[in-house]
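Me: I've got a model open and I'd like to talk it through with you. Could we go question by question?

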Amino acid sequence: MCALCGVLGGDGHWTDAAPRPGIFTRNTGPVERRRERMARVAGANRILKAYGLSLADWQGASYVLSTATGKSELVDSLAHLWPLAEKLAGRPCDPLDPGLIERLSREAGDG
Amino acid sequence: MADVPAFTPVNLITGFLGSGKTTLLRRLLDDAALVDTAVLINEFGEIGLDHHLLGRIDETMVLLPSGCLCCTIRGELSAAIRDLHERRERGEVPPFRRLAIESTGLADPFPILSTVQADPVLRHHFRWGNVVTTVDAVNGRAQFERRRESTKQAAVADRLVLTKTDLADAAEIEALIECLRRLNPSAPLVRLAEGPFSADSLLAHDLFAAATRADAARHLFVDAETNDGHGAGVHAFALSLDGVVDWTGFGLWLTMLLNRHGEKVLRVKGMLNVAGSDAPVAVHGVQHLVHPPVHMMGWPDDDRRSRLVFIVDGLEKEAVDRSLRAFLGRA
């Protein structure tokens with residue numbers, strides 16, 4: 001069940017689309033799915049660091065989003081990551097924020 | 001049920017009050033190519049005017065009894081589509097291969113579109129096809145200025161149908177077309193009053209169908225790059241990226257952007273050169289809703305740049321471009 005919407009059967013988010021002809025997805029098998037989840041956690045943490053948050057995989061089925069002091073929320077998919085991140089951070093998570101863009105650009109330059 | 005597609009395409013026919021939706025629908029239903037199309041119309045007010053004007057009413061038509069479609073979306077629209085689906089499964093209605101929904105003139109298209117994808121039953125049997133928006137050539141520009149609904153309806157269209165061009169003067173039509181090209185540069189434009197048109201080209205050639213046609217990508221981004229991305233209010237702009245795009249990073253960026261600015265992103269359409277994929281991946285979203293990404297057959301030409309077209313309400317191209325590049329490590 002989707003934790004936010006209360007809808008049975010998951011939310012079928014576009015980043016986790018069910019495999020079928022004509023659809024692009026990395027949700028095609030256990031290895032591919034696991035690899036994508038690891039990349040997603042790493043990518044999300046690069047952004048979430050700016051808000052004092054971190055994301056971890058939970059049993060290959062969900063994610064756990066945590067603050068530095070250990071306050072946590074279970075996250076179903078990317079659709080729910082950002083509203084919960086804003087809730088835990090107590091401020092908007094805006095990808096157009098010049099401060100965030102500056103930080104990500106600097107890190108990319110350093111990396 | 002061999003004749004029924006695994007995912008029945010759903011077309012939304014929208015447009016402001018009096019813009020000619022029912023006239024268009026009647027013309028479409030007269031077309032032999034659409035004989036397998038079921039129709040849901042929204043009865044607005046007590047008179048049910050749309051219902052009485054419609055030439056063809058058969059048993060595959062379900063009238064939605066209440067007022068505005070968008071207020072009853074999670075209940076009545078999904079129930080009406082489920083009912084049609086179940087009756088088709090039981091053989092009580094002909095095995096329709098397409099569903100067309102005519103919305104009310106005041107309806108925001110977003111909650112109607114979201115119902116098919118959000119409903120846990122419907123999303124396994126139906127998928128979105130083209131959104132067709134009618135625009136009144138006489139009153140269209142005035143409506144865009146006064147009514148935000150009408151601007152949104154034009155912005156989310158995959159096909160724009162100009163109506164009443166026989167009643168408007170040439171200068172007004174030209175000004176309206178210029179306005180539409182700014183709002184929605186890539187949607188093909190059809191003039192309803194001027195002779196025959198292909199129902200198939202309006203409803204059938206959608207983005208998902210493009211997965212089966214190698215040449216389809218060529219037609220996705222017509223004229224989009226002619227816009228400069230400046231200006232207040234609703235406008236379109238195009239972004240392009242060299243090299244391959246990290247799919248995971250793109251997903252994180254777009255979900256974050258739509259979470260914070262989904263109301264302002266009326267529409268996003270893109271063709272991405274995704275790392276690890278030989279063919280382009282098409283993404284297509286309306287406000288907070290993104291359709292499942294389509295794996296296309298091939299590139300239309302030698303240009304391998306990723307391209308994204310945004311139709312936004314008040315967002316600046318520069319800010320979106322800078323953000324995307326920073327998230328993908330391209331700054």
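**Walking through the two chains**

Reply: Sure. This is a predicted model, and its chain B has ten helices and 13 strands.

Me: What share of the residues of chain B counts as buried?

Reply: Chain B runs to 331 residues. A residue goes in the buried group when its relative accessible area is under 20%. For chain B that share is 60%.

Me: And what pattern does chain A follow along the sequence?

Reply: Chain A has three helices and three strands. Buried residues account for 42% of its 111 residues. Reading along the sequence, the pattern is α-β-β-β-α-α.

Me: How do contacts between residues far along the sequence look, say the percentage joining residues at least 24 apart in chain B?

Reply: Take contacts in chain A with a separation of 6 or more: residues 24 or more positions apart make up 34% of them. For chain B, counting contacts between residues at least 6 apart, the portion joining residues at least 24 apart is 77%.

Me: Now the helices across the chains. Are H1(A) and H9(B) parallel, antiparallel, perpendicular or oblique to each other?

Reply: Helix H1 of chain A covers residues 30-48, helix H9 of chain B covers residues 247-261, and their axes are 9 Å apart. The angle between them is about 50°. Roughly parallel would need under 35 degrees, and roughly perpendicular starts at 65. That places H1(A) and H9(B) in between, so they are oblique.

Me: Is that crossing left-handed or right-handed?

Reply: The helices in question are H1(A) and H9(B), packed at about 50°. Their crossing is right-handed.

Me: Which residues of H9(B) does H1(A) meet?

Reply: From the H1(A) side come Glu36(A), Ala39(A), Arg40(A), Gly43(A), Ala44(A) and Ile47(A). The residues in this contact of H1(A) with H9(B) split into six nonpolar, two polar and two charged. On the H9(B) side, the partners are Trp247(B), Thr248(B), Leu252(B) and Met256(B).

Me: Let's do the rings. Are Trp14(A) and Trp247(B) stacked, tilted or edge-to-face?

Reply: The structure holds seven aromatic pairs over all chains. In this one the ring centres of Trp14(A) and Trp247(B) are 5.8 Å apart, with the planes at 85°. The pair crosses between chains, from Trp14(A) in the segment before H1 of chain A to Trp247(B) in helix H9 of chain B. Anything over 60 degrees falls in one class, so Trp14(A) and Trp247(B) are edge-to-face.

Me: At what angle are the ring planes of Trp14(A) and Phe250(B)?

Reply: Both Trp14(A) and Phe250(B) are buried. Their ring centres are 6.4 Å apart, and the pair is edge-to-face. Here too the pair crosses between chains, from Trp14(A) in the segment before H1 of chain A to Phe250(B) in helix H9 of chain B. The planes of Trp14(A) and Phe250(B) are at 70°.

Me: Which residues form the aromatic cluster?

Reply: Trp14(A) and Trp247(B), both buried, belong to it. Phe250(B) is in there as well. The full cluster is Trp14(A), Phe24(A), Phe237(B), Trp247(B), Phe250(B), Trp253(B) and Phe310(B).

Me: What covers the buried residues of H10(B)?

Reply: Helix H10 of chain B spans residues 317-327, and its buried residues are Ala319(B), Val320(B), Asp321(B), Ser323(B), Leu324(B), Ala326(B) and Phe327(B). From chain A, the cover includes H1 and helix H3 (98-110). From chain B, it includes strand S8 (234-241), H9 and strand S13 (306-313).

Me: Is Lys269(B) buried or exposed?

Reply: Lys269(B) lies in strand S9 (residues 265-272) of chain B. Its C-alpha atom is separated by 9.7 Å from that of Ser186(B), 83 residues away along the chain. The relative accessibility of Lys269(B) is 10%, so Lys269(B) counts as buried.

Me: Last one: what is the relative accessibility of Gln287(B)?

Reply: Gln287(B) is in the loop between strand S10 (281-286) and strand S11 (289-290) of chain B. Its phi is near 50°, a positive value in a residue other than glycine. Lys164(B) also has a positive phi, near 60°, and is partly exposed at 30%. Gln287(B), in turn, counts as buried, with a relative accessibility of 2%.

Technical notes
Residues are numbered from 1 along each chain as its sequence is written. Chains are lettered from A and ligands numbered from 1 in the order in which they are written. This is a predicted model: local features need pLDDT of at least 70, side-chain atom pairs count only at pLDDT 80 or more; totals for chains, interfaces and linings use all residues. Side-chain values use heavy atoms; hydrogens and water are left out. Axes are lines fitted to C-alpha atoms, for helices over the stretch in contact, and angles run from 0 to 180 degrees between N-to-C directions. Helices (H or I, at least four residues) and strands (E, at least two) are DSSP runs, numbered from the N terminus. Angles under 35 degrees count as roughly parallel, over 145 as roughly antiparallel, 65 to 115 as roughly perpendicular and the rest as oblique. A crossing is left-handed if the near helix is turned anticlockwise from the far one by less than a right angle, and right-handed if clockwise. Contact means heavy atoms within 4.5 Å. Ala, Val, Leu, Ile, Met, Phe, Trp, Tyr, Cys and Pro count as nonpolar, Asp, Glu, Lys and Arg as charged, and the others, Gly among them, as polar. Rings of Phe, Tyr and Trp (its six-membered ring) pair if their centres lie within 6.5 Å; planes under 30 degrees apart count as stacked, over 60 as edge-to-face and the rest as tilted. Buried means under 20% relative accessible area, exposed over 50%, partly exposed in between (1.4 Å probe, protein chains only).
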